[in-house]
Amino acid sequence: MMTIWKFPLKIADQQFLRVPSGSKAISAQSQGRDVYLWATVDTDKANMGVDVSVWIHGTGHCADMAVRYGRHLSTVQIDEGVLIFHVFVGKDF
């Protein structure tokens, strides 16, 4: 069965997120001062975790690795737009 799960993210240049095998990232947004990622998850595979790359970069910051190895998922605003971050995920996620 396909469901949508929410994963908390750190505001960090790169991190690895443990998700069920076959999950697909669909969105990233802020809730208050925190950033979350939503993904579709096949609950039949929920016990088979894989590590996926997630990059978060501020506007004007170096994003070489994210652009080279990932895909842009979303732009997130925190503090009413005072802080702007761009979320990239691995191309297979």
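A salt bridge is taken here as a side-chain nitrogen of Lys or Arg within 4 Å of a carboxyl oxygen of Asp or Glu. In the structure described here, which is a predicted model, Asp79 and Arg33 form such a pair, with their closest N and O atoms 2.2 Å apart. The two residues belong to distant parts of the chain, 46 residues apart: Asp79 lies in the loop between β6 (70–78) and β7 (83–90), and Arg33 in the loop between β3 (24–31) and β4 (34–42). The partners also fall into separate classes of accessibility. Asp79 is partly exposed, its relative accessible area being 36%, whereas Arg33 is exposed, at 54%.

The count of salt bridges comes to 2. The other pair consists of Asp51 and Arg18, whose closest N and O atoms are 3.4 Å apart. This pair, too, links distant parts of the chain, since Asp51 is in strand β5 (residues 49–58) and Arg18 in strand β2 (residues 14–20), with their positions 33 residues apart in sequence. With regard to charge as a whole, the chain carries 9 positive and 9 negative charges, and the mean positions of the two sets are 5 Å apart.

The overall fold was examined next. The chain contains 1 helix and 7 strands. Read from the N terminus, the elements follow the order β-β-β-β-β-α-β-β. The radius of gyration is 13 Å, close to the 12 Å that the globule rule gives for 93 residues, so the chain is as compact as a globular protein of that length. Along the principal axes, the C-alpha atoms fill a box of roughly 40 × 30 × 15 Å.

Burial and surface were assessed for the whole chain. Of the 93 residues, 41% are buried. The accessible surface amounts to about 5,500 Å², and carbon and sulfur atoms account for 52% of this area. Contacts were also considered by their separation in sequence. Among those between residues at least 6 apart, 65% join residues at least 24 apart.

The loop between β6 and β7 holds further features of the backbone. Asp79, a member of this loop, has a positive phi of about 55° although it is not a glycine. Glu80 is also placed in the loop between β6 and β7, and for this residue, likewise not a glycine, phi is positive at about 55°. Glu80 is exposed, because its relative accessible area of 84% is over the 50% cut-off. In space, the C-alpha atom of Glu80 is separated by 15 Å from that of Gly58, a residue 22 places away along the chain.

The strands on either side of this loop were examined through one residue each. Ser74 is located in strand β6. With a relative accessibility of 14%, Ser74 counts as buried, because this value is under 20%. When neighbours within four places in sequence are left aside, Ser74 is in contact with Ala28, Phe85, His86 and Val87.

Leu83 is found in strand β7. Its relative accessible area is 33%, and Leu83 is therefore partly exposed, a class that lies between the limits of 20% and 50%. Apart from neighbours within four places in sequence, Leu83 is in contact with Arg33, Val76, Gln77 and Ile78. Arg33 is thus a contact of Leu83 as well as the salt-bridge partner of Asp79. The C-alpha atoms of Leu83 and Thr59 are separated by 8.7 Å, the two residues being 24 apart along the chain.

Thr59 itself occupies the loop between β5 and α1 (64–69). At 53% relative accessibility, Thr59 counts as exposed. Residues up to four places away in sequence not being counted, Thr59 touches Ile84 and His86. His86 is accordingly among the contacts of Thr59, and His86 is also one of the contacts of Ser74. Thr59 and Ser23, by comparison, are 36 residues apart in sequence and are separated by 28 Å from C-alpha to C-alpha.

Conventions:
Residues numbered from 1 in each chain as written. Predicted model: local features only at pLDDT ≥ 70, side-chain atom pairs only at ≥ 80, totals over all residues. Heavy atoms only, no water. Helix = DSSP H or I, 4+ residues; strand = E, 2+ residues; numbered from the N terminus. Rg over C-alpha atoms; globule rule 2.2 N^0.38 Å. Buried < 20%, exposed > 50% of the residue type's maximum accessible area, 1.4 Å probe, protein only. Contact = heavy atoms within 4.5 Å. Areas by Shrake-Rupley, 256 points an atom, 1.4 Å probe, with all protein chains shown as cover. Lys, Arg positive; Asp, Glu negative; His and termini not counted. Charge placed at Lys NZ, Arg CZ, Asp CG, Glu CD.
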